[in-house]
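Here is a quick walk through one protein chain, written for someone who would rather look than read. Have a glance at the picture, then read on.

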Amino acid sequence: MDYLQDIDSEKIDRHVIAAIFATGLLSFSGVIVETAMNICFPTLMLEFDVGTGTVQ
C-alpha cells in the first residue's frame with residue numbers, strides 16, 4: 001500500500017513533458033511537410049520539365 005502512495009506522489013519533471021511535447025510537434029510537422037511535398041510534385045514536374053524520379 002505504501003508503494004502505491006509513493007507512485008501517486010511522484011511528479012513528472014517539466015523538462016520531460018516539454019521534451020515529449022516537442023517530439024510530438026516535430027513528428028507532426030514532418031508529416032505535414034511530407035504531405036505538402038507529395039501534393040506539389042506534379043507542379044514541380046511541369047515547371048522544371050523533369051520526371052518523377054528527379055523531383056523526388
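How many helices and how many strands does the protein chain have? It has three helices and zero strands, running α-α-α from the N terminus on. Helices here are DSSP runs of H or I with at least four residues, strands are E runs of at least two, and both are numbered from the N terminus.

A word on the ground rules. This is a predicted model, so local features need pLDDT of at least 70 and side-chain atom pairs count only at pLDDT 80 or more, while totals for chains, interfaces and linings use all residues. Residues are numbered from 1 along each chain as its sequence is written, and side-chain values use heavy atoms, with hydrogens and water left out.

How confident is the predictor? pLDDT, its confidence in each residue on a scale from 0 to 100, averages 87 over the protein chain, and 84% of the residues score at least 70. Confidence is lowest in helix α1 (residues 2–9), with a mean of 58, and highest in α2, at 94. Where pLDDT is low, the predicted coordinates should not be read in detail.

Now for α2, residues 14–48. With 35 residues, α2 reaches 48 Å from its first C-alpha to its last, close to the 51 Å expected at 1.5 Å a residue (1.5 Å times one less than the number of residues). A kink of about 45° lies at C40, shortly before P42; the bend is the angle between axes fitted to the seven residues ending there and the seven starting there. Just after α2, D49 takes a positive phi of about 50°, although D49 is not a glycine. D49 is found in the loop between α2 and α3 (52–55).

On to the surface. Buried residues (under 20% relative accessible area, with exposed over 50% and partly exposed in between, 1.4 Å probe, protein chains only) make up 4% of the 56 residues. Three residues give a feel for the scale:

| Residue | Place | Relative accessible area |
|---|---|---|
| I17 | helix α2 | 47%, partly exposed |
| D49 | loop between α2 and α3 | 71%, exposed |
| Q56 | segment after α3 | 66%, exposed |

The accessible surface of the chain comes to about 5300 Å², and 65% of that belongs to carbon and sulfur atoms. These areas come from the Shrake-Rupley method with a 1.4 Å probe.

Finally, Q56 and M37 sit 19 residues apart in sequence and 8.9 Å apart in space, C-alpha to C-alpha.

Terms used. pLDDT = per-residue confidence, 0-100.
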